[in-house]
Structures are given as C-alpha cells and as structure tokens.
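Reader: I'd like a close look at one part of this model: the charged side-chain pairs and what surrounds them. Could you walk me through that in one go?

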Amino acid sequence: KKLGVCNNCSLHDGKYRCPRCNAISCSLKCCNEHKIKKDCSGTRDKIEFLPLGQMNDISLQKDMKFLLDLSSKIDLSKREPLLHQYQDRDTNDRFKSLCS
C-alpha cells in the first residue's frame, strides 16, 4: 500500500507516516525537517478522541497498552511511595551540597 508523495520534499514516494499528525515522509532527513517546520513532536497523542466508527484492532490494542501502562504505574506508586520520596530527597541533598 503506497502512502503517496513525501509531504516535505515532494520528490520521493513516502515510506513513513508521522504517528502524531500523519504527515508522510521519505527519509529520516525529511522526517526531522517536518518536525522542525511543523513543530511536531512525532509522538502519538495517547488520549486523542477517536470516533467509534474509526476504531479498529490496532487502535484498540494501543488503548489497551496505554491502560496497562497506566495501571502498572499506579501499582508501582502505591507499592513504593517512600522509595521515590527518599530518591528525590537524596538528589536534592546532593545538589545542595554541590552548590555550597
């Protein structure tokens, strides 16, 4: 399945599609130029609304992965809240000692 012509250079057939804005690019160079010109991060918006009629197996998989990642982060934060506080405190203490 062809993507069409590169949106950046318009010289070559596209090989890649930006996960963020669906722009088509032919190379890493064009992809990087696209990100600069359009101020695009290139990362998919994980919480973007998708109408039910546009849902497919891939979008469902991505949503499930997002929910599983979120669930594991919540579980980790419940299990190790003190560890994170001490790590932050140690980092702050080291920074303060360097500044003194």
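**Salt bridges and their surroundings**

Author: Let's start with aspartate 13, which pairs with lysine 2 in a salt bridge whose closest N and O atoms are 3.7 Å apart. This pair links distant parts of the chain: the two residues are 11 residues apart, with aspartate 13 in the segment before strand S1 (16-17) and lysine 2 in the segment before S1 as well. Bear in mind that this is a predicted model. As for how open the two ends are, lysine 2 counts as exposed because its relative accessibility is 71%, and the cut-off for exposed is over 50%. Aspartate 13 has a relative accessible area of 46%, so it is partly exposed.

The structure holds 2 salt bridges, so on to the other one. Here lysine 65 meets aspartate 69, at 2.9 Å from N to O. Both of these residues sit in helix H2, 4 residues apart, which is about one turn of the helix. Lysine 65 has 51% relative accessibility and therefore counts as exposed. Its partner, aspartate 69, is at 32%, so that one is partly exposed.

Now for the space around that second pair. Lysine 65 and aspartate 69 both help line the second largest pocket, along with Arg44, Lys46, Lys62, Phe66, Leu70 and Lys73. This pocket has a volume of about 170 Å³. Sorted by class, its lining has 6 charged residues, 2 nonpolar ones and no polar ones.

Arg44 and Lys62 turn up again in the largest pocket, where they are among the residues closest to the centre, together with Glu48, Leu50 and Ser59. That pocket holds about 460 Å³ of space, and 17 residues line it. Helix H2 provides the largest share of the lining, with 4 residues. The class split here is 8 charged, 5 nonpolar and 4 polar.

Helix H2 has a greasy side to show too. Leucine 67 lies in this helix, which covers residues 57-79. Leucine 67 is also part of a nonpolar surface patch of about 550 Å², made with Leu60, Met64, Leu68, Leu70 and Ile74. At 48% relative accessibility, leucine 67 counts as partly exposed, because exposed would need over 50%. Leu70 is a nice link between the two themes: it belongs to the patch, and it also lines the second largest pocket beside lysine 65 and aspartate 69.

Definitions and conventions: Residues are numbered from 1 along each chain as its sequence is written. This is a predicted model: local features need pLDDT of at least 70, side-chain atom pairs count only at pLDDT 80 or more; totals for chains, interfaces and linings use all residues. Side-chain values use heavy atoms; hydrogens and water are left out. Patches are made of residues with over 30% relative accessible area and no salt bridge: like charges are joined within 9 Å, nonpolar side chains (Val, Leu, Ile, Met, Phe, Trp, Tyr) within 5 Å. Accessible areas come from the Shrake-Rupley method with a 1.4 Å probe; for residues, only the protein chains shown count as cover. A salt bridge is a side-chain nitrogen of Lys or Arg within 4 Å of a carboxyl oxygen of Asp or Glu. Buried means under 20% relative accessible area, exposed over 50%, partly exposed in between (1.4 Å probe, protein chains only). On a 1 Å grid over the protein atoms alone, a cavity is a set of points where a 1.4 Å probe fits but cannot get out, and a pocket is an open set with protein on both sides within 12 Å along at least five of seven lines; lining residues have an atom within 4 Å of a point. Grid points are joined across faces, edges and corners, and a volume is the space filled by probe spheres set on the points. Ala, Val, Leu, Ile, Met, Phe, Trp, Tyr, Cys and Pro count as nonpolar, Asp, Glu, Lys and Arg as charged, and the others, Gly among them, as polar.
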